[in-house]
Amino acid sequence: MRTAYRVETVRAAEAALMARLPEGALMQRAAAGLATACFSLLGKGRVYGARVVLLVGSGDNGGDALYAGARLARRGAGVTAVLLGDRAHEGGLAALRAAGGRVEADDPFEPLATADLVLDGITGIGGRGGLRPAAVPVARAARGSDAVVVAVDLPSGVDADTGEVAGEALRADATVTFGTYKPGLLVDPARSYAGALRLVDIGLGDELPGVPDLEALQHQDVARLLPVPGAESDKYRRGVLGVVAGSARYPGAAVLAVEGALRGGAGAVRYVGPAADAVIARHPETLVHAGPPDRAGRVQAWVVGPGLGDEPGVAEVLASDVPVLVDADGLRGLDPSLVRARSAPTLLTPHAGEAAALLGASREEVEAGRLAAVRELAGRFGATVLLKGSTTLVCGAGPEGGAVRVNPTGTGWLATAGSGDVLSGLAGSLLAAGLRPVDAASCAAYLHGLAARRVSEGRGPVTAGEVAGALGGAWRDVTAGV
């Protein structure tokens, strides 16, 4: 599992560790890891004679860049530092000069024109509000060069805590971060500036709290959570999911939600709505009922909303005493007090536009500040929230919600009609199997994204139905090593 911590927490951990280490030891650890990453990026045998430019700000990550540059210079690289702050780390500068590196005092653009690798040490994890105007032309020249751009701890100009990019930032090909991941490295829009991530262990582990601010599940984490039927299982023990979805205009949403549930391992699916004929034609194992939902039979969880239009059912489902997932049309005008009054858990799965409507904000505000949006929604509704988008986030309900989870799988090809309906059915099946809402949402997002990758690799566009069909393969991929 990848874990990320806010700047304040990282600073406190660093201070506690530095109090037990010789002066400068922590920076030397970071610089050593950074230099090793640069050796790897330049390639075996290409360090000697390589042209490396250090963009150095006045913070500690400028010092990290200078010390790493000294290590590269000692291996035969031609290293030039461009100073962009009102000061620079004195020890780092001395080390660079002693190793044969130089400081460019006149024209910062000249060394960038022929650079093989650029280290971005302009601003660190404490930076806010984008690059300062004086640094913008140099950052643009670095990005416009043929050099590999490596961010030191975090791309300059992005917000480490929120993932927001409030001004100009320097997009990296790779980011070498120290001690722990920072939330902005895992959350868009900042994530798209970070490139490939590499974590350097500098010994912070024992100083960090047990519960991170953000976490990203990996294969083994998801495998441990997924329900596996035993010898004594029957369809009720595996979980029966009720689905209230579809309309005369959108019958396909019902079909896709049901398919997501069946492919997700539901023991049975009870469908309530006007698209029964379409559902039965595609999935004859579905149990259909004319409604209302409370007369449809026994279920362990409900999904309500995909393609529902103006059809009834949301209020009736929310009145039940089992977990409920609300998506799409079910979210329209949803009353927070109605959700908060429920005795059973609720999972909301909005995309950015739906989240904006629930928060009274613009879509652009939600997309720019995803972490703030998902946390505010979870608090306002007292529900677990899965916020879909380029970075899918899951936030648990209430103070016991724990870390926000960020989904590491997926592809832009998932931005297609019906994919959210499949995700709703999949997450609902895991709710019905007994998973906590935060685990059901996280596992569903992970499998959904992985399935889309499987289908899109080498061919590009996918349909929602194809993604649903690939869920079994994604499940096998996750559980193969367990």
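1. The buried residues of α6 pack against four elements: β2 (51-56), α5 (109-113), β5 (117-121) and β6 (148-152). This is a predicted model, so please read every point below in that light. The helix itself covers residues 136-144, and its buried positions are V136, V138, A139 and A142. Seen down the axis of α6, those buried residues fall within an arc of 165 degrees, so they line one face of the helix. On the face turned away from that buried side you will find the exposed residues R140 and G144. It is a nice place to begin a tour of the model.

2. Next, have a look at the meeting of α19 (residues 437-456) and α21 (residues 471-479). Two packed helices are described by the angle between their axes and the distance between the axes. Here the axes of α19 and α21 come within 8 Å and cross at roughly 110 degrees. Angles of 65 to 115 degrees count as roughly perpendicular, and α19 and α21 are therefore roughly perpendicular to each other. From α19, the contact is made by Y446, L447, H448, L450, A451 and R454. From α21, the partners are L471, G473, A474, W475, R476, D477 and V478. Sorted by class, the contact of α19 with α21 has eight nonpolar, two polar and three charged residues.

3. While you are at α19, D439 deserves a glance too. This aspartate sits in helix α19, and at 8% relative accessibility it counts as buried, the cut-off being under 20%. What does D439 touch once its neighbours within four places in sequence are left aside? The contacts of D439 are then with L225 and R405.

4. On to charge pairs: the structure holds 24 salt bridges. One of them joins the side chains of R20 and E207, at 2.6 Å from N to O. That pair links distant parts of the chain, with the two positions 187 residues apart in numbering. R20 belongs to the loop between α1 (7-18) and α2 (25-42), while E207 belongs to the loop between β8 (196-200) and β9 (214-216). R20 counts as exposed because its relative accessibility is 55%, whereas E207, at 23%, counts as partly exposed.

5. A second salt bridge brings together the side chains of R87 and D86, at 3.3 Å from N to O. Are these two residues buried or exposed? R87 is exposed, with a relative accessible area of 54%, and D86 is exposed as well, with 65%.

6. The side chains of E104 and R102 form another salt bridge, at 3.0 Å from N to O. E104 is buried, with a relative accessible area of 13%, but R102 counts as partly exposed at 41%. Elsewhere in the list of charged residues, R6, R128, D159 and D161 are joined into one network by salt bridges that share partners.

7. Now for the backbone. Most residues other than glycine have a negative phi, and most peptide bonds are trans. Two peptide bonds to check by eye come next. A cis peptide bond joins D188 and P189, with omega at about 10 degrees. P189 lies in the loop between α7 (183-186) and α8 (191-194). Another cis peptide bond joins G291 and P292, where omega is about 0 degrees. For P292, the setting is the loop between β12 (287-289) and β13 (301-304).

8. Two positive phi values round off the note. D153 is not a glycine, yet its phi is positive, at about 75 degrees. This residue lies in the loop between β6 and β7 (174-178), and at 8% relative accessibility D153 counts as buried. A328, also a residue other than glycine, has a positive phi near 50 degrees. Where is A328 placed? A328 lies in the loop between β14 (324-326) and α14 (336-340). With a relative accessible area of 18%, A328 is buried, because the cut-off is under 20%.

Terms used. Residues are numbered from 1 along each chain as its sequence is written. This is a predicted model: local features need pLDDT of at least 70, side-chain atom pairs count only at pLDDT 80 or more; totals for chains, interfaces and linings use all residues. Side-chain values use heavy atoms; hydrogens and water are left out. A salt bridge is a side-chain nitrogen of Lys or Arg within 4 Å of a carboxyl oxygen of Asp or Glu. Buried means under 20% relative accessible area, exposed over 50%, partly exposed in between (1.4 Å probe, protein chains only). Axes are lines fitted to C-alpha atoms, for helices over the stretch in contact, and angles run from 0 to 180 degrees between N-to-C directions. Angles under 35 degrees count as roughly parallel, over 145 as roughly antiparallel, 65 to 115 as roughly perpendicular and the rest as oblique. Contact means heavy atoms within 4.5 Å. Ala, Val, Leu, Ile, Met, Phe, Trp, Tyr, Cys and Pro count as nonpolar, Asp, Glu, Lys and Arg as charged, and the others, Gly among them, as polar. The arc is that of the directions from the helix axis to the C-beta atoms.
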